[in-house]
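User: I'm new to reading protein structures, and I'd like to learn with a real one. Please take me through it feature by feature.

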Amino acid sequence: MNYLSVENISKSFGERSLFNNLSFGINEGQKIGFVAKNGTGKTSILNILSGDEPSDSGQVISRKNLKISFLPQEPKLDPNATIEEIIQTSDNHIIKIITAYEEALKNPEDSTDYQKAFDLMEANQAWDFETVYKQILSKLKLNDLNQRVSTMSGGQKKRLALANALLGQPQLLILDEPTNHLDLEMIEWLEDFFAKSNITLFMVTHDRFFLERVCNEIIELEDGKLFSYKGNYSYYLEKRKARIENFTSETKKAKQLFKQELEWMRRQPKARTTKSKSRIDDFQDIKSRAHQRRNDHEVQLELNMERLGTKVVELHAISKTFDDKKILDQFEYNFLKGERIGIIGKNGTGKSTFLNMITGNIAPDKGKVVIGDTVKFGYYTQKGIHIKEGQKVIDVVREFGDFIPLKKGRQISAQQLLERFLFDRKKQYDFVDKLSGGERKRLYLCTVLIKNPNFLILDEPTNDLDIVTLNVLENFLLDFPGCLIVVSHDRYFMDKIVDHLFVFRGDSLVEDFPGNYSDFRIYEDSKPPQNKKVSSERNSNKSNWKKQDNKAKLSYQEQKEYQRLEREIANLEREKKALENKFTTENWEADEIQKQSIQLQNIIESLNNKTERWFELSSLLEI
């Protein structure tokens, strides 16, 4: 079933044309990854699909009553609202169904309205909505439902907008860089969520593992043309390579044929037969094919790195605490020349704080950081480039000088350097605040490398960079002879670049793991499960209130309580049984026996209270 059709859309900004006459379709069940270089209009295409931005020409036709949710790069949320208010006041059809049901409960004599509301609750599985949205918010580390948007970081806002988009249960979900600001655990949860759901996706992401594991089609925009690949990211790479090889071969043949036809044209045949006229007409097509070229320009990275001495960076028993939250406690490490360290961990465990202590931007509470005399830091932060009002691209680089030194005594002009970073002469005189997100990151990378560092620190360098630039950056870093620290949620990037990991577990615990991220995942998955959660089994003899007829008129809150009690009773029964078993297997001292006896009594009391309440609610279902 076709959900949405894009017909001949175009977009320009002033004299700059992003794309012209693009057409494609999105069908039910497709999970499409949209791939293109930075600055070619990916975000503009998503905005046009979602209706947030008009196209200059063409049209987007969607199926009637199609439910679409859109996650932009920078969501717009009411700063005065809380997390819970954002969810509850969103344009969410489930919330509207719940509201209608609660209204129907106020008029029990109107059985028709009640039955209609009840059936909608059933059809949309709305009974569990509050539980589901709290689970999703928990997975995205948004646990304080009363926190106001105005107090949230940019990453928290993005995660809240993602939660809101998921909870809307759309038929089509449009996503712009959904993995930005998510830690690795969240990304893997989101991967699993999308892989198991029937939702239709159209997304832009640089995360190649995400494309590999979620998408069943890749659409690439290259040189103004769209190319579709019916498979995941690996399939796309294979078929793209074959397409390029075929293009090169066909162009080579066309050039040979063009030379032959050009000689024939120069002889100026006098006899203008039908056959010769047709050959003359074909000549223009051959000429066009022979002169077509691929725009394969790539970022060129080069450093004039100074020698790195024996002493690099030494961390002597450093400790750091923020608001009673321990980040590091007596942490020690000596960095060696040529080390390549990846840093992973959940958001808020202190990764960026650690980097700032190394570079001297934040002082440790205890201990000291000793930096070698030859160390020259290059620090690529999450904040990105600082934009000055009215500053042009060329002005940013000229702050470092009109000429920049390269290897072997060579030098390059500011203009030439920017061309290496894919900013042509015209683009160099654009205002920085007019650049796309990816172009700003590329310019920022240029300003970090222009200082010729020998100790490179990259904090989330892959955000917003296109895949082509990421491949170039990876190859550059593989040849980088200095010291390297990378914080990234891009697992493909980490696997390719780092030799070992600092794993920030939280509460000042940092582990040094000897391997890349894939090695770490295998290690973690091989560990025996701890505190494994067992799903609650419902008693088949109990009545299921969802299956009752219109006489079952518990309020919405009572129905949620009834469902919650069933789970809690099952959990308490398991706890009671486990603790009773321990009394027969453990050799406890008298004090411990007394302590566990009190615990068992508390469980039994709680179990009795909840069971009594469950019977009260259950009896109402039978009235």
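Analyst: Let's begin with pairing: two strands pair if DSSP finds at least two bridges between them. Helices (H or I, at least four residues) and strands (E, at least two) are DSSP runs, numbered from the N terminus. This is a predicted model, where local features need pLDDT of at least 70 and side-chain atom pairs need 80 or more, while totals for chains, interfaces and linings use all residues. Residues are numbered from 1 along each chain as its sequence is written, and side-chain values use heavy atoms, without hydrogens or water.

User: Okay, how many helices and strands does the protein have?

Analyst: You'll find 19 helices and 20 strands. Of the protein's 623 residues, 46% count as buried; that word means under 20% relative accessible area, with exposed over 50% and partly exposed in between (1.4 Å probe, protein chains only).

User: Which strands make up the open sheet of three, and in what order?

Analyst: Strands of a sheet pair through backbone hydrogen bonds, either parallel or antiparallel. Here the order is β2-β1-β4, and the pairing is antiparallel. The edges are β2 (16-27) and β4 (57-62), each of which pairs on one side only. On average, neighbouring strands in this sheet are turned by 10° against each other, direction ignored. (Axes are lines fitted to C-alpha atoms, for helices over the stretch in contact, and angles run from 0 to 180 degrees between N-to-C directions.)

User: How many bridges join β1 to β4?

Analyst: Five bridges link β1 (residues 2-13) with β4. To find the place in the viewer, look for E7, which stands opposite Q59 in β4.

User: What does α1 touch when it packs on that sheet?

Analyst: Helix α1 touches β1, β2 and β4, and its direction makes about 50° with that of β2. Contact means heavy atoms within 4.5 Å.

User: Why is helix α1 said to be largely enclosed?

Analyst: Count its buried residues: seven of the nine in α1 (residues 42-50) are buried, so the rest of the structure largely encloses this helix. Those seven are K42, S44, I45, L46, N47, I48 and L49. Right after α1 comes G51, which takes a positive phi of about 85°.

User: Where else is there a positive phi, this time in a hairpin?

Analyst: Look at D223, in the hairpin of β8 and β9, with its phi near 50°. Two residues sit between the strands of that hairpin. Strands β8 (residues 217-222) and β9 (residues 225-229) run antiparallel and are joined by five bridges. Within that pairing, I219 of one strand has S228 in β9 as its bridge partner.

User: Now the rings. How many aromatic pairs are there?

Analyst: The structure holds 23 of them. Rings of Phe, Tyr and Trp (its six-membered ring) pair if their centres lie within 6.5 Å; planes under 30 degrees apart are stacked, over 60 edge-to-face, and the rest tilted. One of the pairs is F354 with F502, which is edge-to-face, with 6.0 Å centre to centre and 80° between the planes. F354 sits in helix α11 (residues 351-358) and F502 in strand β19 (residues 500-506), so this pair links parts of the chain that are 148 residues apart. Both F354 and F502 are buried.

User: What kind of pair do Y380 and Y444 form?

Analyst: That one is tilted: the centres of Y380 and Y444 are 4.6 Å apart and the planes make 35°. Since Y380 lies in strand β14 (residues 377-380) and Y444 in helix α14 (residues 437-449), the pair ties together parts 64 residues apart in sequence. Y380 and Y444 are buried too.

User: Which residues form one aromatic cluster?

Analyst: The members are F331, Y333, F335, F354, F377, F455, F502 and F504. You've already met F354 and F502 as an edge-to-face pair.

User: Is D507 buried or exposed?

Analyst: D507 has 63% relative accessibility, so it counts as exposed. This residue lies in the loop between β19 and β20 (509-513). D507 and L328 are 179 residues apart in sequence, yet 7.7 Å apart in space, C-alpha to C-alpha.

User: And what about E103, at 41% relative accessibility?

Analyst: That value makes E103 partly exposed. Find E103 in helix α3 (residues 93-105), and then Y114: they are 11 residues apart in sequence and 8.7 Å apart in space, C-alpha to C-alpha.

User: How can I sum up contacts across the whole protein?

Analyst: Take the contacts between residues at least 6 apart in sequence: 67% of them join residues at least 24 apart.
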